[in-house]
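Subject: structure with two ligands, and what I found

Hi,

Here is the structure I promised to pass on. Have a look at it first, and then read my notes underneath.

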Amino acid sequence: MGLPESSVGAESLDMDRIPRHVGCVMDGNGRWAEQRGMARTEGHAQGEHALLDVIQGALEIGIEWLSVYAFSTENWNRPEDEVRFLMNFNRTILRRRCEQLNELGVRIRFVGRRDWRVPTGVMKEMDEAIELTRKNKRLSLVVAFNYGGRAEIVDAVRKIAARRIPARRITERTIASYLYDQEMPEPDLIIRTSGEYRISNFLLWEMAYSELVFTDVLWPDFDRSHLFAAIAEYQHRHRRFGQVQ
Ligand code: IPE
Ligand code: IPE
Ligand code: MG
């Protein structure tokens, strides 16, 4: 069921049918490191190169929105050392890569809860990245950080309740209008690496009609050729949205 691990060049894609929004569940960093006798954190560090290459691939073929799952609301349950590493790592990545992403025309955004568990240093770096890149137009990069699909829906419901919107007036559109990122279109394609066939609480509401592609490649080994292979697979799919066509 997994995607073949073959490499695919951008030239084999149908440029008229590039998905507007691609989401990535970047999984398998720990296993990548363990296979090499390294600490799990080495796998996260290596994942940075995969992410940069995927961003460059997205720019190359004109994807408008790329969302990446960086830290879930459930990932707080990992060992304290790993959580601390991931917080620190995300802060330094932002600091290190922000300028480069800005020069590439990437607009950085975040979805997730800004609760007391997120260190203030990370939030500061997030705000600076948003501010520096806010006018960029080539690619919107949405980082899901301290993100959970259920938490996002809970947060939307809380805001609706706080506004005392009458029950009879609440529609799907109402709920959608209280999700974290009002500009982000629903993902056309979601890719999950590392051979796991699950969603793990990523963009639950938004992915109602997303195409799903799973690959055995571990995230640190993933690059733009795997992204293009996933898009080639997407271009063979027939999206029906519940209709008969
Ligand atoms: C994904 O890699 C990165 C995060 C969840 C932060 P994992 O750390 O889940 O790697 P595996 O799944 O244990 O191999
Ligand atoms: C999903 O991966 C979360 C991120 C990629 C940030 P996990 O490794 O946390 O998911 P499970 O535990 O395998 O479902
Ligand atoms: Mg994992």
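Below is what I found, going from the pocket to each ligand in turn.

One thing to keep in mind throughout: this is a predicted model.

**The pocket**

Where do the ligands sit? Ligand 1 is in the largest pocket, and ligand 2 sits in the largest pocket as well. Its volume comes out at about 800 Å³. The lining runs to 42 residues, and M26, N29, Y69, A70 and F71 are the ones nearest the centre.

Quite a few elements contribute to that lining. At least two residues each come from α1, α2, β2 (65-72), α3, β3 (106-111), α4 (120-133) and β4 (139-147). The biggest contributor is α3, which gives eight residues. By class, the lining splits into 23 nonpolar, nine polar and 10 charged residues.

**Ligand 1**

There are 13 residues around ligand 1, with D27, G30, R31, R40 and R78 the closest. Three helices, α1 (29-35), α2 (40-61) and α3 (80-103), each put at least two residues into this shell. Which element gives the most to the shell around ligand 1? That is α1, with three residues. Sorted by class, the shell has five charged, five polar and three nonpolar residues.

If you are setting up interaction terms, here are some polar contacts to the backbone. A polar backbone atom of R31 is 2.7 Å from an oxygen atom of ligand 1. For G30, the distance from a polar backbone atom to a ligand 1 oxygen is 2.9 Å. G28 also takes part, with a backbone N or O atom 3.4 Å from an oxygen of ligand 1. As for burial, ligand 1 taken alone exposes 380 Å², and the protein buries 87% of that.

**Ligand 2**

The shell around ligand 2 is made up of V25, M26, D27, Y69, A70, F71, N75, R78, R192, R198 and S200. Here β2 supplies the largest share, three residues. The class split is five nonpolar, two polar and four charged.

Some names recur. D27 and R78 are among the closest residues to ligand 1, and both D27 and R78 are also listed around ligand 2. Likewise, M26, Y69, A70 and F71, which are among the residues nearest the pocket centre, turn up in the ligand 2 shell.

What do the side chains do at ligand 2? A polar side-chain atom of S200 lies 2.6 Å from an oxygen atom of the ligand. D27 has a polar side-chain atom 3.1 Å from a ligand 2 oxygen, and an N or O atom in the side chain of R78 is 3.2 Å from an oxygen of ligand 2. On its own, ligand 2 has 390 Å² of accessible area, and the protein covers 78% of it.

**Where to look**

If you only have a minute, start with R31 and its 2.7 Å backbone contact to ligand 1, then go to S200 and its 2.6 Å side-chain contact to ligand 2. After that, look at D27, which is listed around ligand 2 and is one of the closest residues to ligand 1.

Cheers

Key: Residues numbered from 1 in each chain as written. Chains lettered and ligands numbered in written order. Predicted model: local features only at pLDDT ≥ 70, side-chain atom pairs only at ≥ 80, totals over all residues. Heavy atoms only, no water. Near = heavy atom within 4 Å. Polar contact = N/O pair within 3.5 Å; in protein donor to acceptor, adjacent residues only side chain to side chain. Areas by Shrake-Rupley, 256 points an atom, 1.4 Å probe, with all protein chains shown as cover. 1 Å grid on protein atoms, 1.4 Å probe; cavity = no way out; pocket = protein on both sides within 12 Å on 5 of 7 lines; lining within 4 Å. Sits in = over half its atoms within 2 Å of the grid points. Helix = DSSP H or I, 4+ residues; strand = E, 2+ residues; numbered from the N terminus. Nonpolar A, V, L, I, M, F, W, Y, C, P; charged D, E, K, R; others polar. Points joined across faces, edges and corners; volume = space filled by probe spheres on them.
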